[in-house]
4 protein chains.
Amino acid sequence: MAGVNKVILIGNLGADPEVRYMQNGDPVANVRIATSETWKDRNTGERQERTEWHNVVFFGRIAEVVKQYLRKGSKIYVEGKLRTRKWQAQDGQDRYSTEVVVDINGTMQMLDSRQGGGMGSSVPFDDAPPPSRGSGRPSQPQPQPAGNVGESQGSFNGGGGGGDFDDDIPF
Amino acid sequence: MAGVNKVILIGNLGADPEVRYMQNGDPVANVRIATSETWKDRNTGERQERTEWHNVVFFGRIAEVVKQYLRKGSKIYVEGKLRTRKWQAQDGQDRYSTEVVVDINGTMQMLDSRQGGGMGSSVPFDDAPPPSRGSGRPSQPQPQPAGNVGESQGSFNGGGGGGDFDDDIPF
Amino acid sequence: MAGVNKVILIGNLGADPEVRYMQNGDPVANVRIATSETWKDRNTGERQERTEWHNVVFFGRIAEVVKQYLRKGSKIYVEGKLRTRKWQAQDGQDRYSTEVVVDINGTMQMLDSRQGGGMGSSVPFDDAPPPSRGSGRPSQPQPQPAGNVGESQGSFNGGGGGGDFDDDIPF
Amino acid sequence: MAGVNKVILIGNLGADPEVRYMQNGDPVANVRIATSETWKDRNTGERQERTEWHNVVFFGRIAEVVKQYLRKGSKIYVEGKLRTRKWQAQDGQDRYSTEVVVDINGTMQMLDSRQGGGMGSSVPFDDAPPPSRGSGRPSQPQPQPAGNVGESQGSFNGGGGGGDFDDDIPF
DNA sequence: TTTT
DNA sequence: TTTT
C-alpha cells in the first residue's frame with residue numbers, strides 16, 4: 001500500500017483524438033502527445049531538440065471533453081499515472097505498452113489561449129469541482145462551497161464513478 | 001479558467017496535529033511539516049542544511065486520518081494546493097498566512113516504515129508493498145477500477161463531499 | 001535529510017514583473033501569478049470561481065528571461081519551491097511572507113501561443129538544458145548530447161551557479 | 001519548444017539495481033520499482049490492490065548512489081521523465097520500451113527510515129545542491145549559500161555534466 | 001492584479 | 001505525428 005505514481009505533461013496533440021467505447025458505453029479517448037526539450041550543445045553550441053511521444057488515454061467524463069474539444073495541435077496540461085499493459089501480438093508473443101492514464105484522479109487542461117478556436121467559444125468548459133471546505137483555523141467560518149465532488153482548477157477529470165453527480169456535470 | 005496550483009511535500013511533523021471542528025462537525029487538522037535541503041558549500045566545502053516549515057491543513061475524511069495516525073516526527077508525503085488566508089491581527093491590521101491545503105483533491109501518505117510505531121501496529125495501514133517480480137495483468141480487458149471514487153495509491157484524500165461514499169471509506 | 005518541497009503553478013501574471021538587483025549584480029524578478037479554479041455549486045448549480053494569488057520570485061538567469069519576456073497577462077508554467085521569509089514591519093513586529101522560489105532547480109515556461117507577441121518572435125528563447133546521457137541498456141550506444149548542464153524542456157532555469165556555462169547561455 | 005515531461009514515483013525496488021557502464025566509464029543503473037494503489041470495490045466492498053511496475057534508469061553520479069545504497073525492497077522517491085526507446089527484437093522487429101529516466105534534471109531520495117540499514121549509517125549521503133540565492137526583496141541581503149550547483153533536498157541528481165564540481169561531490 |  |  002505504498003505508492004505515488006504521477007505523470008505531468010505539457011505538450012501538443014500529434015493527431016485528433018481516437019475515441020472508442022466500452023461495453024457499458026463509457027468513452028475512452030486516446031491521444032498522442034509530444035513533449036519537446038531543447039538545449040544547446042555544449043561543444044558545437046548548436047541548438048538541439050528532442051521530441052518525446054506519449055500515449056495518453058482518458059477515461060470517463062474527461063474522455064468526452066477530449067473528444068469534443070481537442071484536435072491535432074492542441075496544447076494541453078495533463079496529470080495522470082503510468083500504466084503498462086500487456087497485450088498479445090499477432091505472432092502470439094507478449095508485448096507491453098506503457099500509457100499515461102488520466103481517470104477520475106487525473107486532470108486535463110487546455111492551454112491554447114483561444115480554446116474556442118474553431119469550435120464555438122462560449123461553451124461551458126469547466127467541470128464540477130470542489131475547492132476546500134472551510135477555513136484552516138475555523139474561527140470565522142467563511143461560507144464555503146461545500147458538498148461538491150471532483151477536481152478543481154476549471155480542469156477536467158475522468159469522473160467515471162458515480163452517476164450521483166450528473167447534476168454537476170455539463171456533459 | 002487557467003490554473004494549476006499544486007504543492008508536493010515530503011517531510012516530518014514538527015509536533016502532533018492540532019484538530020478542530022467546524023460547525024457541521026467536520027474535522028480540520030493542522031500540522032507543521034519540515035522539509036530540509038542540504039548542500040555542500042562550494043567554497044568552504046562544508047555541508048549546509050536549511051529547513052523550511054510549512055503549515056498544512058487537512059479537510060474532511062483525511063483530517064480524521066491525520067488525527068488518528070500522525071504524530072510528531074511522522075514522515076509523510078503530501079499533495080495539496082496553496083492558499084493564502086487573510087486574517088485580522090489584534091491591532092486591527094490585516095495579516096496574510098499561506099498554507100498548503102489538502103482536501104478531497106489532495107493526498108497524504110505515511111512514509112514511516114513502521115507506521116504503527118507507537119500506536120498499535122495492526123492498523124490496516126500497512127505499507128512496504130510486495131517487491132515481488134513480474135507484472136501480473138489480465139490480457140484483454142483493462143482492469144479499470146471504475147465505479148470507484150477517491151484517490152488512488154492507497155493514500156488518503158479529504159473526501160469531504162458526499163456521505164455517499166462512506167462504504168468506500170476504511171475509517 | 002528528508003525533503004521534497006515542490007510547487008507547480010500554471011497561471012497568469014497580474015502585473016509586469018518587478019526586477020531588482022543584488023549587490024553582485026544578479027537580478028531578482030518578482031511576479032504575482034493568479035491561478036483560478038472553477039466549480040459548479042452542488043446546490044444552486046451556479047458556476048463558482050476562486051482565484052488564488054501567488055508571489056513568485058525568480059533568481060539568476062531565469063530572472064533575466066522573466067524581465068525580458070513576461071508581461072502583465074502572460075500565462076506561464078512554473079516549478080519551484082516554497083519559502084517563508086521573516087521580515088520586520090514598520091511597527092517593529094515580525095511578519096512572515098511565503099513565496100514560490102524559482103532558482104536553478106526550478107523551471108519556467110511560457111504558455112502563450114504567441115510568445116513573441118509584441119517583442120519580436122525569433123528570439124532564441126531556450127536555454128542550456130541537457131537531456132539524459134546515454135541509453136538505459138547501453139548495448140548500442142546512440143549518440144547522446146552529453147556534456148550539457150541545466151534544465152530541459154526548452155524551459156528556463158535560474159542558472160545562478162557557474163560562469164563556466166556562459167557559452168551555453170543565450171543571455 | 002513546448003514541453004513538460006515529468007514523472008514522480010514513490011515505491012519499492014523489486015530487486016537489486018543492475019549497473020552497467022558506458023564506453024566513457026559512466027555508470028547506468030536500472031531498477032524496477034513497484035507502486036501499488038488500493039481501493040475498496042464499490043459493489044463488493046472488498047479491498048482491491050493493483051501493483052504497477054516501472055523501469056527506472058539512472059544516469060551519472062546518481063547511478064553510483066543507486067548502486068551503492070539501494071537494494072531490493074528499498075523505498076525511494078523518484079523524479080524523472082518518460083522516455084520510450086526503440087529496440088530490435090531477435091526476430092528483427094521493432095520493439096518499444098518506456099522507462100523513467102532520472103538524470104541530472106531528476107532526483108532520487110531514499111525513504112527508508114534506516115537508510116544505512118545494512119551498510120553503515122553515517123555515510124555522507126547528500127549531494128551538492130544549491131538552495132535559492134538571495135532574498136526575494138533584496139533589501140537586507142541575508143547571507144546566502146551562493147555558488148552551488150545541483151539539486152536540493154538532500155537528494156541526488158545525475159550530475160553527469162561537468163567535472164568542475166567534483167569537489168562538491170561526495171562520490 | 002490575471003485569465004476564461 | 002505536434003509545437004516553437
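## Touring the interface of chains D and A

Across the interface of chain D and chain A, 10 residue pairs are found in polar contact, both residues of each pair being at pLDDT 80 or more, and since this is a predicted model, please read every value on this tour as computed.

Select next the strands of chain D, for β1 (4–13), β3 (27–40), β4 (47–59), β5 (75–88) and β6 (94–102) each supply at least two residues of the side that touches chain A. Colour β1(D) separately, since the largest share of that side, 8 residues, comes from this strand. If you then colour the side of chain D that touches chain A by residue class, you will find 11 nonpolar, 11 polar and 12 charged residues.

Stay with β1(D) and add strand β1 of chain A, residues 4–13, to the selection: the two strands pair in the antiparallel sense over 7 bridges. Within this pairing, pick Ile8(A), whose bridge partner in β1(D) is Lys6(D).

Now turn to the salt bridges, of which there are 2 between chain D and chain A. Select Lys81(D) together with Glu37(A), which form a salt bridge whose closest N and O atoms are 3.1 Å apart.

Finally, show both chains whole, where 34 residues of chain D are in contact with 34 residues of chain A. The two chains bury about 2500 Å² between them, with 45% of that area on carbon and sulfur atoms. As a last selection, take Ala2(D), Val4(D) and Leu82(D), which supply 21% of the area that chain D buries against chain A, more than any other three residues.

How values were computed
Residues numbered from 1 in each chain as written. Chains lettered and ligands numbered in written order. Predicted model: local features only at pLDDT ≥ 70, side-chain atom pairs only at ≥ 80, totals over all residues. Heavy atoms only, no water. Contact = heavy atoms within 4.5 Å. Buried area = accessible area lost by both parts, 1.4 Å probe. Salt bridge = Lys/Arg side-chain N within 4 Å of Asp/Glu carboxyl O. Polar contact = N/O pair within 3.5 Å; in protein donor to acceptor, adjacent residues only side chain to side chain. Helix = DSSP H or I, 4+ residues; strand = E, 2+ residues; numbered from the N terminus. Nonpolar A, V, L, I, M, F, W, Y, C, P; charged D, E, K, R; others polar. Pairing = 2+ DSSP bridges.
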